[in-house]
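Biologist: I'd like to go through this one slowly. Can you show it to me and explain the labels as we go?

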Amino acid sequence: MKSIKKLIITITVGIGATVTSCQKLNIAPTNIVTPDIIYNSEAGVKSLLATIYANLPIEDFKYRPDGGDDNNGIQRPGFNPGNPWMNFYNTGAVTGEEVGPFGGMDIGGGFGYWPYGDIRNVNTLIAELPKHTASLTQTTVNSLLGEAHFLRAYYYFGLAKRYGGVPIITVPQDPGAPLSTLQVHRDKEQATWDFIGSELDLGYQMMPETNDAGRANKYAAAALKSRAMLYAACIAKYGSINFVDGPARTQGLVGIPADQASKYFQAAFDAAKLLEGHYSLYNQTSSDKVKNFTDLFLDASSKENIFIRQYSLTLNVNTPAGPHSWDATMSPGRMTSGGLSRSYPTLDFVQLWGNLPLTNGDGTPKRFSNLIDLTQGLEPRLRATVYFPGEMLRGIAFDTQRGIYPSFNSTAADEVTKAPNSRTWVLQTDPNVLYPSKTDANAKQVIGFTGISNNLGDDQLTRTGFYVRKYINYNAAKTNVDLYKSIQPWIDLRYGEILLNRAEAAMELGNAADALNDINQLRDRAGATPYISIDLDKVRKERRMELAFENQYYWDLKRWRTADVVLDRAHFKGLMPYYIFNENKYIFLAETELFNREYTFQKQFYYEPIPGGQINQNPNLLPNNPNY
């Protein structure tokens, strides 16, 4: 009981401190913040909203599901130093899109995400706002209430996709109430998703069409509903086929009856359709589709952006809105003034767009005069998502090279299956080393300054032959690219995703014509050939290509219930460029990424365990999710 009371009191005091420091309110005594001070002005309410927005589980550049500081006192170069979610995501263990230097992350264990302190703040806001219509006006109160319902839905969405059914608490709990009142039971998973949907309906009905940047409007509520209802629909359809049984499932705490799937797919489709005509795909530079897709993630005026998170250099790096490190930790050290590249797209991911032209008909590797020649004819969206060998960033070329062959007379398949000590290659760890020697007038670097190093401890160089391009601020000067120096916004909801949500729901409902139109809008913007016909596999593949590195595919694998198949003792490949010395040509070999890690996903991981600390405080949260 004491621990529960302490939690609630701490949260309440925290809100007061935030409002006082942000607004510098002239009150006496200064250590007491009453509801009137917060709610009698829109500025006071916005200060409270700022705290609630800051804690939303937006899986952005800096996200920590455990709610801790991004830096957390760990001073080391990393994806974002001390960021367990992004380190986990970028091991490649969850998507096959990226392979990073971190291993051993516990997929099933989760991070103990349990935001009921934040939910209490929203519940308090909803309870207090109607009392202050005289000072705020009824119109303002209604708009703010709609925003609060959106925020509460977002927190519950973060819970539902991890745990299934959770306690639905809609009023602030009284810390002096009997323990039996405070120790609430979990609601069923279906009830949790229905609550999220109804909250977003209220948000859509009550919020205005426009709002300040970084705050939700009515269309953000509709967009989030399309995402959430699609998740619920898949739990009903696919979770009824692929699941782990146990008391939690028997009681409905996890799982949704299969006959409810169509209802949720329809809700997702209807919500997505509400945005039609109000947002559009980014097409500012339609004559250069590589630049257009690149700029989509950098242009703050984009009409595709529905809901974003902003960052500022003036804020503390340990706050959600402080600067992030995407540019420094996605680019090789040669192109930054600090930081190290920590995440690398895999060849498996790149070849979603089709097999690269690596070999001739007889199996021998194609020869290229320049590294960049490989990219000829590739879809613009792919090139805007991934940096290939030979691309340019900040006036510097990605001279990505694995090594040198004095000569090469083998097929690609035969070469990559040889034992390393029987290959006639020349490898190095230092890009300054030349072959055959420094004194030779025709000497060449063994490896490039942007990789690929044979030293697995070298965190500056790619392990797969590729680097991430999406969200990279190519306009930033090298001297300004360092840890915690990036401020490009994270786009949490954009119209491209809404079209994908709509297409997937349409296919599941048997409306192929609508799905085809949705997908072809995206393919036209991407510079891809339109589809003549459509099926569910194409929709899912398009989703993966369009939303790469936007932290969606992990959850897609979970809701589709395919993660245990996709990640069944999975290994991923890289693209290794080599220079053939006697031919003055480059070849590319598809080889296992340098760590050669194996990844797996157990079926129980489709749900995370209810955090043990919460069960200790409230045994009524049991039974835990299956196999935990």
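Biologist: Are R525 and E304 buried or exposed?

Modeller: Both R525 and E304 are buried. Buried means under 20% relative accessible area, exposed means over 50%, and partly exposed is in between (1.4 Å probe, protein chains only). By the way, this is a predicted model: local features need pLDDT of at least 70, side-chain atom pairs count only at pLDDT 80 or more, and totals for chains, interfaces and linings use all residues. Residues are numbered from 1 along each chain as its sequence is written, and side-chain values use heavy atoms, leaving out hydrogens and water.

Biologist: What makes R525 and E304 a salt bridge?

Modeller: A salt bridge is a side-chain nitrogen of Lys or Arg within 4 Å of a carboxyl oxygen of Asp or Glu. Here the N to O distance is 2.8 Å, so the pair fits the cut-off. R525 and E304 also belong to a network of salt bridges, with E379 and R381 among the other members.

Biologist: And why is E199 called buried?

Modeller: Its relative accessible area is 3%, so E199 falls under the 20% limit. R152 has 4%, so R152 counts as buried too. Those two side chains meet in a salt bridge, at 2.7 Å from N to O.

Biologist: How do you know that F150 touches L224?

Modeller: Contact means heavy atoms within 4.5 Å, and L224 is one of the residues that F150 touches, along with E199 and F307 among others.

Biologist: How many salt bridges does the structure hold?

Modeller: There are 37 salt bridges. One of them joins E59 and K161, with the closest N and O atoms 3.1 Å apart.

Methods. Lists of a residue's contacts leave out its neighbours within four places in sequence.
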